[in-house]
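Here is a quick tour of a protein model for someone who likes to see packing spelled out. Have the coordinates open and follow along.

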Amino acid sequence: MVRLRVINLGLPKSGTTTLGVALRASGLKVADWKVRKFQSANPQVARHFLGDLMYRGYFETGDPLHLLDEFDALSEINVVGGDLNRWPQTDWGLLSAIIERHPGAKFILSYRDAEAQADSMIRWTNLGRKRLKMFDVPGLPGTYGREPGDLVRWIDGHNRFCRQVFAGNPNFLEYDILDEEAPQKIGAFLGLPIRWWGKVNDNPADEAAEPAPAAGDSQDE
């Protein structure tokens with residue numbers, strides 16, 4: 001039986017945490033951005049960022065999911081900060097390696113209005129105000145990213161990239177996070193009922209988040 005693996009390609013502040021909570025509530029073991037200390041007994045994996053683990057697996061073995069076999073779904077795979085600048089969702093070589101080695105892999109693109117997403121990035125900790133400007137992020141090199149319009153163009157470009165490289169692929173689904181039918185579409189795509197849907201990890205200026213369901217592998221450290 002082919003194993004279901006779910007990889008979200010969405011950029012930060014595109015509902016990635018909400019998707020992770022929903023998939024966890026629906027029975028999948030999910031890693032979101034970072035493997036928490038209680039999610040793995042493997043010291044090479046626990047407390048490490050998904051983006052870095054995926055690249056380590058890719059270059060050391062050819063399989064980006066080699067170090068992440070414990071998880072069914074990865075809901076935000078990028079990391080930027082400290083000495084890390086990893087954006088696996090922008091790398092076709094890495095993504096195609098997942099397709100070749102994991103025939104049950106399904107790719108999801110969570111997206112929202114690009115201007116609203118850019119505004120949320122700017123207001124989220126120091127992501128848009130500092131970290132994105134410090135690194136040569138794929139599609140956002142050098143000093144670009146200092147203006148909201150730069151982020152809007154980058155977000156739109158990434159969504160176009162995903163649509164182009166996955167065009168016609170039945171294992172690809174994109175959804176607008178404001179679409180009321182999103183959970184039904186995701187459930188049909190994955191072949192499992194989505195048992196919770198709401199809004200988590202909001203910025204203070206956004207609407208109040210809905211409580212996430214209690215789960216044994218909460219994202220808190």
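A residue counts as exposed when its relative accessible area is over 50%, and as buried when that area is under 20%. Keep those cut-offs in mind while looking at this predicted model. Take Phe-59, which sits in helix H2. Its relative accessibility is 64%, so Phe-59 lands in the exposed class. For a sense of where Phe-59 lies, try Asn-42: the two are 17 residues apart in sequence, and their C-alpha atoms are 19 Å apart in space.

Now for the inside. In soluble globular proteins, nonpolar side chains tend to be buried together. Which members of the largest nonpolar core touch the most other members? They are Leu-9, Leu-74 and Phe-107, in a core of 24 residues. At least two residues of this core come from each of helix H2 (50–61), helix H3 (92–101) and strand E6 (105–111). H2 gives the largest share, with four residues.

Leu-74 is worth clicking on. Skipping neighbours within four places in sequence, Leu-74 has contacts with Val-6, Ile-7, Asn-8, Ala-31, Leu-50, Met-54, Leu-65 and Leu-68. There is also a second, separate core, made of 19 residues, with Leu-173, Ile-186, Phe-189 and Val-200 among them.

On to the helices. Two packed helices are described by the angle between their axes and the distance between the axes. Here are two pairs from this model:

| Helix pair | Angle between axes | Distance between axes |
|---|---|---|
| H4 and H6 | about 120° | 9 Å |
| H2 and H3 | roughly 70° | within 11 Å |

With that crossing angle, H2 is roughly perpendicular to H3. On the H2 side, the contact involves Met-54, Tyr-55, Tyr-58 and Thr-61, which meet Gly-93, Leu-94, Ala-97, Ile-98 and Arg-101 of H3. Sorted by class, that contact holds six nonpolar residues, two polar and one charged. Met-54 turns up here in the H2–H3 contact, and Met-54 is also one of the contacts of Leu-74.

The other pair joins H4 (residues 114–123) to H6 (residues 148–165). What do you call their relative orientation? H4 and H6 are oblique to each other, and their crossing is right-handed. From H4, the residues in play are Ala-114, Glu-115, Gln-117, Ala-118, Met-121 and Ile-122, and they meet Pro-148, Leu-151, Val-152, Trp-154 and Ile-155 of H6. Nine of the residues in this contact are nonpolar, with one polar and one charged.

Technical notes:
Residues numbered from 1 in each chain as written. Predicted model: local features only at pLDDT ≥ 70, side-chain atom pairs only at ≥ 80, totals over all residues. Heavy atoms only, no water. Core = buried A, V, L, I, M, F, W, Y, C linked by side-chain atoms within 4.5 Å. Buried < 20%, exposed > 50% of the residue type's maximum accessible area, 1.4 Å probe, protein only. Contact = heavy atoms within 4.5 Å. Axes fitted to C-alpha atoms, helices over the stretch in contact; angles between N-to-C directions. Parallel < 35°, antiparallel > 145°, perpendicular 65-115°, else oblique. Left-handed = near helix turned anticlockwise from the far one by under 90°. Nonpolar A, V, L, I, M, F, W, Y, C, P; charged D, E, K, R; others polar.
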